[in-house]
Structure formats: C-alpha cells, structure tokens
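Me: Could you take me through the largest nonpolar core of this chain? I would like to know which residues sit at its centre of contacts and how the rest of the fold relates to them.

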Amino acid sequence: QNERNEVTASQQLVAAQRAVGSGNLPVAATELQRVINSYGSTRAGTDARILLAQVHLQQGKPDSALRQ
C-alpha cells in the first residue's frame, strides 16, 4: 500500500511539474494541493509542498507560500 501510494503520488507530482514548466501556475497549484491532500506523508507529498510554496511565490502570494 505504501509503495503504491509513493508511485501514485510521484506520477501526480510529475503532472503538476509539467504544469509549472508550461507556466500554467493555477493548474499546477491545484494539482500540487491534491498531491499534498492525498499523499502528504510521502516523499512526493513533501516535494509537492515545497513546489507549491514556490508556485505561490511566483503568483505573488507570499503569505500562501509561508503556510506551506
């Protein structure tokens, strides 16, 4: 179960990273939050939290970034 969660979380994180790379920050933020909500205890969940904070900073939302 844990290994399956890691794989699923990693796959979802990659999709969110693609959205960041293409500059679609609102979609990226939504996808990253989904990874955090569903798989926050995984490595990908931790990475998603960091990336979401960076996305918030890029969107000019420093308060949201600090909450991550």
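Reply: Happy to. Keep in mind that this is a predicted model. A good starting point is burial: 34% of the 68 residues of the chain count as buried. In soluble globular proteins, nonpolar side chains tend to be buried together.

Here, the largest nonpolar core has 17 residues, and those touching the most other members are L13, V20, L32, A48, L51, L52 and V55. Three helices, α1 (2-21), α2 (25-39) and α3 (43-58), each supply at least two residues of the core. The largest share comes from α2, with 7 residues.

L51 makes a nice place to zoom in. Setting aside neighbours within four places in sequence, L51 is in contact with L13, Q17, V20 and L32. L13, V20 and L32 are also among the core residues that touch the most other members.

Stepping back to the whole chain, there are 4 helices and 0 strands, arranged along the sequence as α-α-α-α. The radius of gyration is 11 Å, close to the 11 Å given by the globule rule for 68 residues, so the chain is as compact as a globular protein of that length. Its C-alpha atoms fill a box of roughly 35 × 25 × 15 Å along the principal axes. Of the contacts between residues at least 6 apart in sequence, 44% join residues at least 24 apart.

As for the outside, the chain exposes about 4,300 Å², with carbon and sulfur atoms supplying 47% of that area. There are 7 positive and 5 negative side chains, and the centres of these two sets lie 5 Å apart.

Note on methods:
Residues are numbered from 1 along each chain as its sequence is written. This is a predicted model: local features need pLDDT of at least 70, side-chain atom pairs count only at pLDDT 80 or more; totals for chains, interfaces and linings use all residues. Side-chain values use heavy atoms; hydrogens and water are left out. A nonpolar core is a set of buried Ala, Val, Leu, Ile, Met, Phe, Trp, Tyr and Cys residues joined through side-chain atoms within 4.5 Å. Buried means under 20% relative accessible area, exposed over 50%, partly exposed in between (1.4 Å probe, protein chains only). Contact means heavy atoms within 4.5 Å. The radius of gyration is taken over C-alpha atoms; the globule rule is 2.2 Å times the number of residues to the power 0.38. Accessible areas come from the Shrake-Rupley method with a 1.4 Å probe; for residues, only the protein chains shown count as cover. Lys and Arg count as positive and Asp and Glu as negative; His and the chain ends are not counted. The place of a charge is taken as NZ of Lys, CZ of Arg, CG of Asp or CD of Glu.
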